[in-house]
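Visitor: I have a protein chain in front of me and would like to be walked through it. Could we begin with the model itself?

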Amino acid sequence: MKLLTEPTINQQGKIANLPSPYNPSQEVKNRMELIVADYEVGDLIMGKDYEEFGNKTLVSFQNDLQKRFNNNVPPVSDDPNQDWRANTVRSLTRNKVISIVAHLTGSILYPNIIAQNENSVEDKEMGVVMRDCIEWACEQAKYEDMFVGACLDMCINPAIILYQDYFEVKRKIKEIIKKGEWQEKEIVDEIWSGFFNQIIPCDELYISNFYENDIQKQDFLIRVKNIPYYAAKAKYADCPDFEKYVRAGVKVFLSASDGNYYEADDDELQGRLVQEVTYYNRLADLEIRIVNGVMMDPPDRPMKRKDKRYPFAKSGYE
């Protein structure tokens, strides 16, 4: 998924892209230059061949592992000396992975809660209450599906990355006050609000150090993903720049040559999607959201979590 957009140069050597009405302050431009510089580091790591992956990139290695699990049948060889061979694949790998996931989820899907009182004596009633609270929170966040998917993902892909957050999204409704009349009212959107757990594909999160296993020790994290325009509109309804400058399928980019913003159609967005970029920097205490190149937050927005940790967890299985 590309973050950077290069301007189109015409025959006269000038930028052919249309200028964008988005023209933020110099502080925003400086912060954007920092984010772009860090993204270039992450993109270099993402596109590099690694001996650990059989001299393949992360994406290529991940695709090979997923094909193996899905019993992908390779195409028939064009070589007449090879096309007579049976083009079949055994399901040994797939069956092993399913067996591991079944045993794992069956034993540790929910944690066992043991409570104690102030005298360090077991409090069974409070343990039951806390277990019910945890199960309720898990049901709200669809934890069971996420846990099974996480175990499956951990056994198949090079690594498993989990994301956890909490959202309170509001929307406007029309409340009927009497026959033929209504008034607008703002309520919490229960569909998009609440605890949120998600499995992040490895190729969606850009890191600063490939050989650092602890994700909390990364200098920065950049999550890049494409989402529907209507979902972004609900999420960023309180950001005035979204309504002004964000359009589905059209990215805004900062040109390094003249320091101005321009527009460009992005085929990856299919005319209906937007690119959401979230930049995390724990040492600088930054968490900045960018949609189609337009910064949704102040350039010095701090991280939301009180403990100032990344909202990600990483693990793996061999």
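Guide: The following exchange goes from the whole chain to its cores, a helix, a hairpin and some loops. Please note that this is a predicted model.

Visitor: How many helices and strands are there in the protein chain?

Guide: The chain contains 7 helices and 12 strands. Its C-alpha trace spans about 75 × 70 × 50 Å along the principal axes.

Visitor: What percentage of the residues count as buried?

Guide: Of the 318 residues, 35% count as buried. The accessible surface comes to about 20000 Å², and carbon and sulfur atoms account for 50% of that.

Visitor: And the contacts: what share join residues at least 24 apart?

Guide: That share is 61%, taken among contacts between residues at least 6 apart in sequence.

Visitor: Let us turn to the interior. Which residues have the most contacts inside the largest nonpolar core?

Guide: They are Ile 222, Phe 242, Met 295 and Met 296, in a core of 37 residues. Two or more core residues come from each of helix H1 (26-46), helix H2 (58-69) and the strands E6 (221-228), E9 (273-281), E10 (286-291) and E11 (294-295). H1 gives the largest share, with 6 residues. As a general point, nonpolar side chains in soluble globular proteins tend to be buried together.

Visitor: What does Met 296 touch?

Guide: Leaving aside residues up to four places away in sequence, Met 296 touches Tyr 236, Cys 239, Asp 241, Phe 242, Val 246, Arg 289 and Val 291. Another core, of 13 residues, lies apart from the largest one and includes Phe 69, Val 97, Cys 155 and Ile 160.

Visitor: Val 97 is in a helix, I take it. Which residues of H3 are buried?

Guide: In H3, Val 97, Val 101 and Thr 105 are buried. They are on the same side of the helix, because they cover an arc of only 55° around the axis.

Visitor: Which residues are on the other side of H3?

Guide: Lys 96, His 103, Gly 106 and Ser 107 are exposed there. The buried residues of H3, for their part, pack against H2 and helix H5 (143-156).

Visitor: What span should H3 have at 1.5 Å a residue?

Guide: H3 covers residues 92-108, which is 17 residues, so the helix should span 24 Å. The C-alpha atoms at its ends are 25 Å apart, which agrees.

Visitor: On to strands. In which sense do E2 and E3 pair, parallel or antiparallel?

Guide: Strand E2 (residues 170-178) and strand E3 (residues 181-188) pair in the antiparallel sense, over 8 bridges. For example, Glu 175 has Gln 183 in E3 as its bridge partner. The two strands form a hairpin with 2 residues between them, and Gly 180 in the turn has a positive phi of about 85°.

Visitor: What about residues with a positive phi that are not glycine?

Guide: Gln 270 has a positive phi of about 55° although it is not a glycine. Its place is in the loop between strand E8 (261-265) and E9. Asp 285 also has a positive phi of about 55°, and this residue lies in the loop between E9 and E10.

Visitor: Why does Asp 285 count as partly exposed?

Guide: Its relative accessibility is 24%, and partly exposed covers the range between under 20%, which is buried, and over 50%, which is exposed.

Visitor: Finally, where is Pro 75?

Guide: Pro 75 is in the loop between H2 and H3. At 73% relative accessibility, this proline counts as exposed. Pro 75 and Glu 268 are 193 residues apart in sequence, with their C-alpha atoms 27 Å apart in space.

Conventions
Residues are numbered from 1 along each chain as its sequence is written. This is a predicted model: local features need pLDDT of at least 70, side-chain atom pairs count only at pLDDT 80 or more; totals for chains, interfaces and linings use all residues. Side-chain values use heavy atoms; hydrogens and water are left out. A nonpolar core is a set of buried Ala, Val, Leu, Ile, Met, Phe, Trp, Tyr and Cys residues joined through side-chain atoms within 4.5 Å. Buried means under 20% relative accessible area, exposed over 50%, partly exposed in between (1.4 Å probe, protein chains only). Helices (H or I, at least four residues) and strands (E, at least two) are DSSP runs, numbered from the N terminus. Contact means heavy atoms within 4.5 Å. Two strands pair if DSSP finds at least two bridges between them. The expected span of a helix is 1.5 Å times one less than its number of residues. The arc is that of the directions from the helix axis to the C-beta atoms. Accessible areas come from the Shrake-Rupley method with a 1.4 Å probe; for residues, only the protein chains shown count as cover.
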